[in-house]
Amino acid sequence: AFLPSLKEIPVKTEKLLKQLQKTLGGKVSSKNEEFYLRTRAGEIEFSLVAEGYRKLALLWLLLRNGSLSKGTTLYWDEPEANLNPSMFPLLVDILLTLQREGIQIFIATHSYVLLKEFELQRNDHSLRFYALYKDKNDATQVKQAETYTGLTPNKIADEFARIYDLEVELALGGK
């Protein structure tokens with residue numbers, strides 16, 4: 001994150017940076033190995049910026065300094081954590097754009113909403129969905145699918161369906 005900014009930003013990267021800047025309400029800067037979000041209201045120390053915005057700001061930094069470029073890999077555990085679900089469409093759009101630009105992306109999530117957003121935006125993207133689970137011998141197994149709905153077993157979808165069914169039952173006067 002502390003690498004200097006690229007002198008020339010590729011056009012497609014510039015578009016992503018502008019999307020992130022609009023969402024963040026400013027740009028990221030650093031002084032004395034401290035990061036700040038620079039907005040119209042002034043500079044805000046990263047420690048005072050909401051965690052979800054810090055994640056997006058770090059993504060902005062990695063794009064700005066060229067750390068995320070063709071041939072690189074991004075590993076991101078639970079990108080949805082501390083991020084308002086209304087920002088999921090932007091996050092998925094950015095990640096899929098990066099994937100189209102030759103960046104390999106691995107995310108781990110337990111979010112039904114984020115997974116569905118990927119599936120809804122997938123269009124011509126090359127995506128794989130994986131589920132890790134324990135079999136009857138307590139051994140870890142992995143299943144893969146081309147679509148989220150094709151993934152079985154799928155504890156996330158099962159739990160979402162259970163909650164939905166319960167909500168319908170309660171709405172109809174049950175329990």
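Here is a short tour of the structure in your viewer, from the whole chain down to single backbone angles.

**The whole chain**

Start with everything shown as cartoon, and keep in mind that this is a predicted model. You should find five helices and seven strands, and walking along the sequence gives the pattern α-β-β-β-α-β-α-β-α-β-β-α. Switch to the C-alpha trace: along its principal axes, that spans about 55 × 40 × 30 Å.

Now put a surface on. The protein exposes about 11,400 Å², with carbon and sulfur atoms supplying 53% of that area. As for what's inside, 34% of the 175 residues count as buried. Among contacts with a separation of 6 or more, 55% are between residues 24 or more positions apart. Colour by charge next: there are 23 positive and 23 negative charges, and their mean positions sit 6 Å apart.

**The largest pocket**

Select Ile107, Leu115, Arg128, Phe129 and Tyr130. Of the 27 residues lining the largest pocket, these lie nearest its centre. The space in there comes to about 900 Å³.

Which elements supply at least two residues each to the lining? Colour these to see: helix 3 (88-100), strand 5 (104-108), helix 4 (112-121), strand 6 (129-134) and helix 5 (155-171).

**Helix 4**

Stay with helix 4 and show side chains for Leu114, Leu115, Glu117, Phe118, Glu119 and Gln121, which are buried. What do the buried residues of helix 4 pack against? Their partners are helix 3, strand 5, strand 6 and helix 5. Leu115 is worth a label, since you've met it already as one of the residues nearest the pocket centre. Then step just past the end of helix 4 to asparagine 123, where phi is positive at about 40°.

**The loop between strand 4 and helix 3**

Jump back to strand 4 (73-77) and follow the loop that leads to helix 3; glutamate 78 is in it, and so is asparagine 82. Neither is a glycine, yet glutamate 78 has a positive phi of about 50° and asparagine 82 one of about 65°.

Is asparagine 82 buried or exposed? It counts as exposed, because its relative accessibility is 57% and the cut-off for exposed is over 50%. Glutamate 78, at a relative accessible area of 26%, is partly exposed.

**Last stop: a cis peptide**

Finish in the loop between strand 7 (140-145) and helix 5, and pick proline 153. Check the peptide bond leading into it from threonine 152: this bond is cis, with omega near -5°.

Key
Residues are numbered from 1 along each chain as its sequence is written. This is a predicted model: local features need pLDDT of at least 70, side-chain atom pairs count only at pLDDT 80 or more; totals for chains, interfaces and linings use all residues. Side-chain values use heavy atoms; hydrogens and water are left out. Helices (H or I, at least four residues) and strands (E, at least two) are DSSP runs, numbered from the N terminus. Buried means under 20% relative accessible area, exposed over 50%, partly exposed in between (1.4 Å probe, protein chains only). Contact means heavy atoms within 4.5 Å. Accessible areas come from the Shrake-Rupley method with a 1.4 Å probe; for residues, only the protein chains shown count as cover. Lys and Arg count as positive and Asp and Glu as negative; His and the chain ends are not counted. The place of a charge is taken as NZ of Lys, CZ of Arg, CG of Asp or CD of Glu. On a 1 Å grid over the protein atoms alone, a cavity is a set of points where a 1.4 Å probe fits but cannot get out, and a pocket is an open set with protein on both sides within 12 Å along at least five of seven lines; lining residues have an atom within 4 Å of a point. Grid points are joined across faces, edges and corners, and a volume is the space filled by probe spheres set on the points.
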